[in-house]
Amino acid sequence: NKCIKTSHKIILNNKNASDLLQKDKIKSNNAAKNIINNKDLDAWKCLVENSEYIFDFIKDAACEKLLNACTKDNINNLFDFMQYYDMGFDDFIAAAFEKFQNEEINKKFLSLLKDGSESEKCYAAKYFCYVQNQNAQKLLFENSKSTNDALSQNCALALASMKDMEAFEFYKNQLKSDDDWQKVQAVQFLSFYQDKNILPDMFRAMKNSSMKEHIAGEIALSTDISEYFNSPDSELKELSLECFDYIISSLSEIWPLSTIIDFKISKCLNIIFDLSKKQNDPFKGKYSEILLKSRSMFNLFNEFDEYKFDEDKKTLQELTKICSFLNSLSNDFWEAQIDDLLDELTSENKVRKSSAINLISYLELNIASQYLLEVLDSEENEQMICEIVMALSKLNCIPQIKNKKEITEKIKHNENIKAIVESLFANHY
């Protein structure tokens with residue numbers, strides 16, 4: 001089932017499947033009827049296996065033709081198609097059965113949700129997104145815990161559409177789990193409820209997780225976090241900015257570059273730029289840290305083909321737009337951002353202070369060395385001492401630390417941190 005893509009024309013190694021995707025309405029409509037009426041599993045399997053290569057607008061048109069080919073007499077043929085799952089076609093299957101729903105079809109889907117294959121369960125869960133059935137709630141809840149992303153997502157969508165509060169409360173409590181993967185799963189589930197009241201709990205789960213970048217992305221995919229950058233609630237404002245910071249840090253490594261559109265990166269940066277112009281804003285240093293990091297990272301993505309070679313035209317245009325905006329800002333503006341970043345070194349907020357230290361190290365801002373040395377002298381937090389020493393090492397400034405013994409003696413509780421610091425000092429003697 002090989003796929004050949006020429007411009008917007010898709011040629012599949014199956015006649016009915018290939019004809020379905022063509023512009024010729026007579027040919028494509030006849031292909032849709034042949035696939036449904038004759039229960040052409042080979043054609044369906046070919047479509048599913050090549051789904052990722054088919055443009056979305058072509059796939060949507062094909063699904064519409066398949067839906068129009070469904071009747072009360074052939075609808076049951078689709079149950080056999082459910083052996084092969086693809087997220088790009090599950091809305092068609094669900095919509096078709098919704099169109100002809102009856103008690104027998106509902107019972108069949110309940111049975112599949114309970115005892116079907118994973119593929120069949122995925123379709124069944126999507127069906128209950130369209131047809132709300134209270135008898136499905138318990139099965140949907142159990143299947144929402146599946147490690148199959150498509151199944152758990154469809155179950156979450158269905159339960160959210162039914163406003164099932166038992167499942168909602170279960171996953172709300174799971175945000176407090178010590179298991180980071182369970183936190184991620186909880187955020188993914190709760191995001192489908194579109195309940196803004198749960199957002200602070202999701203942000204706190206992110207803050208207290210070692211998988212901050214994963215959770216941050218999941219939050220931002222379902223919520224426009226820029227709405228909270230200027231929130232009167234200081235905690236919500238701070239966590240929304242941290243969320244955006246984690247996303248920027250994880251682009252291309254955890255989240256693909258194409259998500260810059262989904263995350264509304266351009267909009268977020270423009271809002272932060274406007275906020276950075278406010279005087280006496282307690283978050284001024286945080287704005288600077290985000291803007292400086294963004295300029296460095298997006299210029300890196302734009303400069304090297306290894307980050308761009310697999311991206312579509314829309315993503316590349318968005319990347320260019322972001323870089324053009326950041327690079328259009330004056331040198332005076334960026335010098336002011338560095339000054340504000342240095343102020344973060346005296347922040348009482350450990351997360352912000354740590355972010356500033358790490359960015360200074362990443363950007364190799366030698367101008368910051370004297371500030372780091374001064375902060376190091378008074379710093380008592382062992383983790384922060386280690387981060388400052390690592391940054392000074394990156395800046396080749398370890399020889400400027402004259403009180404190495406006193407610094408090392410401050411580290412009394414964590415032998416691993418002490419070993420790192422001693423190693424860095426030893427390597428620069």
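How do the residues lining the largest cavity divide into nonpolar, polar and charged? Keep that in mind while you look through these close-ups of a predicted model.

**Figure 1. Helix α14 meets helix α15.** Here you're looking at α14, which covers residues 212-222, and α15, which covers residues 234-250. Their axes come within 8 Å and cross at roughly 110°. Angles from 65 to 115 degrees count as roughly perpendicular, so α14 is roughly perpendicular to α15. As for handedness, α14 goes past α15 in a left-handed crossing.

**Figure 2. The residues where α14 and α15 touch.** On the α14 side, look for Lys212, Glu213, Ala216, Gly217, Ile219 and Ala220. Across from them, α15 brings Cys243, Tyr246, Ile247 and Ser250. Sort the residues of this contact by type and you get 6 nonpolar, 2 polar and 2 charged.

**Figure 3. A cavity in the structure.** If you go hunting for cavities of 30 Å³ or more, the structure holds 1. The largest cavity has a volume of about 40 Å³. Its lining is made up of Lys207, Glu238, Leu239, Glu242, Tyr246 and Val351.

**Figure 4. Who lines the cavity?** Helix α15 gives the most to the lining of the largest cavity, chipping in 4 residues. Spot Tyr246 here: this residue lines the largest cavity, and it also belongs to the contact between α14 and α15. Now back to the opening question: the lining of the largest cavity splits into 3 nonpolar and 3 charged residues, with no polar ones.

Methods:
Residues numbered from 1 in each chain as written. Predicted model: local features only at pLDDT ≥ 70, side-chain atom pairs only at ≥ 80, totals over all residues. Heavy atoms only, no water. Axes fitted to C-alpha atoms, helices over the stretch in contact; angles between N-to-C directions. Helix = DSSP H or I, 4+ residues; strand = E, 2+ residues; numbered from the N terminus. Parallel < 35°, antiparallel > 145°, perpendicular 65-115°, else oblique. Left-handed = near helix turned anticlockwise from the far one by under 90°. Contact = heavy atoms within 4.5 Å. Nonpolar A, V, L, I, M, F, W, Y, C, P; charged D, E, K, R; others polar. 1 Å grid on protein atoms, 1.4 Å probe; cavity = no way out; pocket = protein on both sides within 12 Å on 5 of 7 lines; lining within 4 Å. Points joined across faces, edges and corners; volume = space filled by probe spheres on them.
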